[in-house]
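Could you walk me through this protein, step by step, as someone seeing it for the first time? I would like to know how its parts fit together.

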Amino acid sequence: YFPQFDGGGNLNSVYPLATVFYCFHETKTWQVSIPVDDESGTDSVSVNLPFREKMGVKSHYGAFGGAQAIYFLNTADPNKPEFMRLELYTGATSANIANPKVLSENIDFSSYNFDNAVVFEWGDYVILCGAQIRQGVADTYNSRMFIYNKNNQTWDLMDYPASRLSEYLGTLIAGDSVSDNVFTLFSGWDDDDALINNYYTTGDLDL
């Protein structure tokens, strides 16, 4: 039993990185390490310590533990949400603490609502789902999807609504946030008779 009652809010996500569990509360993150020979969980060599202040997630699905890192949307400061990656230091062993890195320096996420945020890693991409705010009112469902390319560190914005994401046989599956349906994403390019918004805006030049 590891108490973490310090005003950090609800505990929403727990993911391991090497041998350390990172516990994401709403406004604070803890780290817990339990040695393999500690059967009671109360051994003095166990670790249950605060890791970072002002670093947390608001949604149960606002963090995702991947093979190399933990990706999460830091909403501890609601005026400045940041998408971050928690990874071991270069050359670190499993006992080293992790290094949080911001991946969204050039994106203002404050104009979106992430009460039901979903973060998911899929191949070379990390996906973030949230709700658009229109005229000061947030959508009641996740209406925007941001996609981060890990290879070239670029972001794309999609209009796909998704309340959950999962992978099945290499395919990305999305639970629709506006209906009781499940969709396969990025498996084909059928427009379903929808209008495709495709335009390019350049400088206002006198040629």
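Here is a short tour, from the overall outline down to single residues.

Let us begin with the whole molecule, bearing in mind that this is a predicted model. The secondary structure comes to 16 strands and zero helices. If you draw a box around the C-alpha atoms along the principal axes, that box is roughly 70 × 40 × 35 Å. The protein has 207 residues, and 40% of them count as buried.

What lies inside? In soluble globular proteins, nonpolar side chains tend to be buried together. In this model, the largest nonpolar core has 28 residues. The residues with the most contacts inside that core are Phe-83, Phe-109, Ile-127, Leu-128, Met-145 and Leu-165. Several strands feed into this core: β6 (70-74), β9, β10 (125-134), β12 (144-149) and β15 (171-175) each supply at least two residues. Strand β9 gives the largest share of the core, seven residues.

Next, let us turn to the aromatic rings. How many aromatic pairs does a search of the whole structure find? The search finds 15. One of them joins Tyr-15 and Phe-64, whose ring centres are 6.4 Å apart, with 45° between the planes, a tilted arrangement. This pair links distant parts of the chain, since Tyr-15 belongs to strand β1 (residues 11-17) and Phe-64 to strand β5 (residues 63-65), 49 residues apart. Tyr-15 has a relative accessibility of 22%, so it counts as partly exposed, because only values under 20% count as buried.

Phe-64 also forms an aromatic pair with Phe-120. This second pair is tilted as well, at 4.8 Å centre to centre and with 55° between the planes. Because Phe-64 lies in strand β5 and Phe-120 in strand β9 (residues 112-122), the pair ties together parts of the chain that are 56 residues apart in sequence. Are Phe-64 and Phe-120 buried or exposed? Both are buried.

Elsewhere, a group of aromatic residues forms one cluster: Tyr-71, Phe-83, Phe-109, Tyr-112, Phe-114, Phe-146, Tyr-148 and Trp-155. You have already met Phe-83 and Phe-109 among the residues with the most contacts inside the largest nonpolar core. A ring can also have a charge for company: the charged end of Arg-52 sits over the ring of Phe-51, 4.4 Å from the ring centre.

Now for the empty space. Rolling a probe the size of a water molecule over the atoms shows where such space is left. The second largest pocket holds about 200 Å³ of it. Its lining includes Tyr-112 and Phe-114, which are also members of the aromatic cluster. Among the other lining residues are Glu-26, Thr-27, Lys-58, Thr-75, Ser-110 and Asp-115. By class, the lining has five nonpolar, four polar and three charged residues.

A few loops and ends deserve a stop too. Most residues other than glycine have a negative phi. Gln-153 is not a glycine, yet its phi is positive, at about 55°. This residue sits in the loop between β12 and β13 (154-158). With a relative accessible area of 49%, Gln-153 is partly exposed, because a residue must be over 50% to count as exposed. Phe-186 also has a positive phi, near 60°. You will find Phe-186 in the segment after β16 (182-185), and its 25% relative accessibility makes it partly exposed.

Finally, let us compare sequence with space. Gln-68 is in the loop between β5 and β6, and its relative accessible area of 66% makes it exposed. Gln-68 and Ala-18 are 50 residues apart in sequence, while their C-alpha atoms are 9.0 Å apart in space. Ile-97 lies in the loop between β7 (82-88) and β8 (98-102), where it is partly exposed at 37%. The C-alpha atoms of Ile-97 and Gln-31 are 8.7 Å apart, with their positions 66 residues apart in sequence. Ile-173, in strand β15, offers another example: its C-alpha atom is separated by 27 Å from that of Phe-21, 152 residues apart along the chain.

Technical notes. Residues are numbered from 1 along each chain as its sequence is written. This is a predicted model: local features need pLDDT of at least 70, side-chain atom pairs count only at pLDDT 80 or more; totals for chains, interfaces and linings use all residues. Side-chain values use heavy atoms; hydrogens and water are left out. Rings of Phe, Tyr and Trp (its six-membered ring) pair if their centres lie within 6.5 Å; planes under 30 degrees apart count as stacked, over 60 as edge-to-face and the rest as tilted. Helices (H or I, at least four residues) and strands (E, at least two) are DSSP runs, numbered from the N terminus. Buried means under 20% relative accessible area, exposed over 50%, partly exposed in between (1.4 Å probe, protein chains only). A charge sits over a ring if NZ of Lys or CZ of Arg is within 6 Å of the ring centre and within 35 degrees of the ring normal. On a 1 Å grid over the protein atoms alone, a cavity is a set of points where a 1.4 Å probe fits but cannot get out, and a pocket is an open set with protein on both sides within 12 Å along at least five of seven lines; lining residues have an atom within 4 Å of a point. Grid points are joined across faces, edges and corners, and a volume is the space filled by probe spheres set on the points. Ala, Val, Leu, Ile, Met, Phe, Trp, Tyr, Cys and Pro count as nonpolar, Asp, Glu, Lys and Arg as charged, and the others, Gly among them, as polar. A nonpolar core is a set of buried Ala, Val, Leu, Ile, Met, Phe, Trp, Tyr and Cys residues joined through side-chain atoms within 4.5 Å.
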